[in-house]
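Trainee: I should like to request a close look at one part of this model, beginning with a single side chain and moving outward to its surroundings. Please treat the empty spaces and the unusual backbone positions as well.

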Amino acid sequence: MILKVTAMLGTLSEDTKKMIQTVGSPLQVQADLDPLMEEIGDAHLVLLGEATHGTSEYYLWRKRLSQRLIQEKGFSFIAVEGDWPDCYKVNRYIKGYENAGENAYHILHAFKRWPTWMWANWEVVALVEWLRQYNDQAPEPDQVGFYGLDVYSLWESLSEVTRYLTMYEPDALHTAYQAYQCFQPYDEDVQSYARATRLIPTSCESEVVDLLVAMQRKGLATLYDGDREAQFNAQQNAHVAVGAERYYRTMVRGDAESWNVRDHHMVDTLERLLNYYGDNTKAIIWAHNTHIGDARATPMAQAGIVNVGQLVRERLGKEGVVLVGSGSYEGHVIAGRYWDADMEEMPIVEAAGESWEGVLHETFGEDTLLIFSKDAQARELLEQVRGHRAIGVVYDPYSGRRGGFVPTALSRRYDAFLYLQETEALHPLHLQPETTQPPETYPWGV
């Protein structure tokens, strides 16, 4: 279906505002999430999006909702747009495994791959410490997990597999060494590997696939550093190596394939986690709106691009899935001006009046929760295609006055939406001068 942006400029009519207001309710305190909890009902997958990777309030509201889903509906784990090896260290810490680390600050501060601020921030410290406290009081089968869905950690995952095999299955080490030797000429430079596979007909695909097959065939040890998930972790790192090799091999083309490789990998990882945890498992996913919101409600579909939100609806059934987006009218954000640039706090200029954020500003003018199923007429109105804010880890607020906007049929892209009037930047851990203490206004334990 071809999406056409609705050109409805100027002031909204009072009737239009009233219709949109029927699906909105105030969003100030955790109890204001009650309508969303009711909408979620018995769903087993709740996907929580964000319009930027550097906004404090998106993390805070996702934390508040995740806490309620865990406490009141028995959700089993949180899976995020992050690297598997780094996030698995968080998983070990919140479950109290041996040698898992002293506290959340030190574990998250060790996240070194750019953009560090996405997970190495005080908002996530608060989430992780809450998960640890929750698990300390829960019986082992009911402890909540924390995992990374992403595909970037090629060398880190190879290292984890090799370390595991060295200790428990040295006979299988030759397959890991073969993979390492294949990648060695590229000196852990993914761009170098990507360019090489484009220039000459060679790749390390067979080596990482052989490693995965070897890992799947072996009866691997089931306990490692007091970790009952050791076998699953080792095999998942082998899956990541396969996915990462394919991703880096395709990304140099600059087309839809590398994006699709990445989002398919994230959903495949989610499905492995659901199978590992067993029947009736419920999961929470944190990622950017561009991954969470159904791609078919944007021009992504016309470009042959799929995403996590679309794939889980197709594979796992729309009735058991709730997609929750978020966006803001104005504020500040943490981002870099280009890939690998220093992080900066940057302004988010007020949204254009014809965008969805502009419409919600004019309609509500305050933080609001929208549940699209509340009113059929309003839902149809919100299926109009308008611009919807999207800021990634790379952002230059001065290259265009209002930042990037993706044409979006809002009520088809999400089941619910958190509209925030004004937001502030995340609070990263990697600051100069560095400190081990949170900022004075530290609201995130609430």
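**From one arginine outward**

Mentor: Arg249 is buried, with a relative accessible area of 18%. This value falls in the buried class because that class covers everything under 20% relative accessible area. The model is a predicted one, and the values discussed here are computed from it.

Arg249 lies in helix α11. That helix has 22 residues and reaches 31 Å from its first C-alpha to its last, which is close to the 32 Å expected at 1.5 Å a residue. Of those 22 residues, 19 are buried, so α11 is largely enclosed by the rest of the structure. The burial of Arg249 can be read in that setting. Leaving aside its neighbours within four places in sequence, Arg249 is in contact with Tyr193, Thr197, Ser203 and Glu205. Another pair gives a sense of distance: Arg249 and Lys112 are 137 residues apart in sequence, and their C-alpha atoms are 23 Å apart in space.

Helix α11 also leads to the largest pocket. The elements that give two or more residues to the lining of this pocket are α7 (154-168), α9 (190-199), α11 (230-251), α12 (256-277) and α13 (289-292). The pocket has a volume of about 980 Å³. Its lining comprises 39 residues, and the closest of them to the centre are Arg113, Trp114, Pro115, Tyr152 and Trp339. Classified by side chain, the lining holds 18 nonpolar, 10 polar and 11 charged residues.

Two of the residues closest to the pocket centre, Trp114 and Pro115, are joined by a cis peptide bond, with omega near 5 degrees. Pro115 is placed in the loop between α5 (104-109) and α6 (122-136). As background, most peptide bonds are trans, and most residues other than glycine have a negative phi.

The backbone has further points to inspect, at two asparagines. Asn99 has a positive phi of about 55 degrees although it is not a glycine. This residue is found in the loop between α4 (84-94) and α5, and at 68% relative accessibility it counts as exposed. Asn280 likewise is not a glycine and has a positive phi, of about 65 degrees. Its place is in the loop between α12 and β5, and its relative accessibility of 74% makes it exposed.

The loop of Asn280 leads up to β5, and from there one may turn to the strands. Four bridges join β2 to strand β5 (residues 283-286), and the two run parallel. Strand β2 is also joined by four bridges to β6, again in parallel. Leu45 stands opposite Ala283 in β5 and opposite Val321 in β6. Within β2 (residues 45-48), Leu45 and Leu47 point one way and Val46 and Leu48 the other way, and all are buried.

Leu48 offers a link to helix α3. Ser66 is found in that helix and is buried, with a relative accessible area of 0%. Apart from neighbours within four places in sequence, its contacts are Leu48, Ile78, Ile284 and Trp286.

The same surroundings bring in the enclosed space. Rolling a probe the size of a water molecule over the atoms shows where empty space is left. There are two cavities of 30 Å³ or more, and the largest has a volume of about 50 Å³. The largest cavity is lined by Leu48, Gly49, Tyr58, Trp61, Arg62, Leu65, Val324, Gly325, Ser326 and Leu418. The elements giving two or more residues to this lining are α3 (56-73) and β6 (321-335), and α3 gives the most, with four residues. The lining divides into six nonpolar, three polar and one charged residue. Leu48 therefore belongs to three parts of this account: it is a buried residue of β2, a contact of Ser66 and a lining residue of the largest cavity, where lining means having an atom within 4 Å of a cavity point.

How values were computed. Residues are numbered from 1 along each chain as its sequence is written. This is a predicted model: local features need pLDDT of at least 70, side-chain atom pairs count only at pLDDT 80 or more; totals for chains, interfaces and linings use all residues. Side-chain values use heavy atoms; hydrogens and water are left out. On a 1 Å grid over the protein atoms alone, a cavity is a set of points where a 1.4 Å probe fits but cannot get out, and a pocket is an open set with protein on both sides within 12 Å along at least five of seven lines; lining residues have an atom within 4 Å of a point. Grid points are joined across faces, edges and corners, and a volume is the space filled by probe spheres set on the points. Ala, Val, Leu, Ile, Met, Phe, Trp, Tyr, Cys and Pro count as nonpolar, Asp, Glu, Lys and Arg as charged, and the others, Gly among them, as polar. Buried means under 20% relative accessible area, exposed over 50%, partly exposed in between (1.4 Å probe, protein chains only). Contact means heavy atoms within 4.5 Å. Two strands pair if DSSP finds at least two bridges between them. The expected span of a helix is 1.5 Å times one less than its number of residues.
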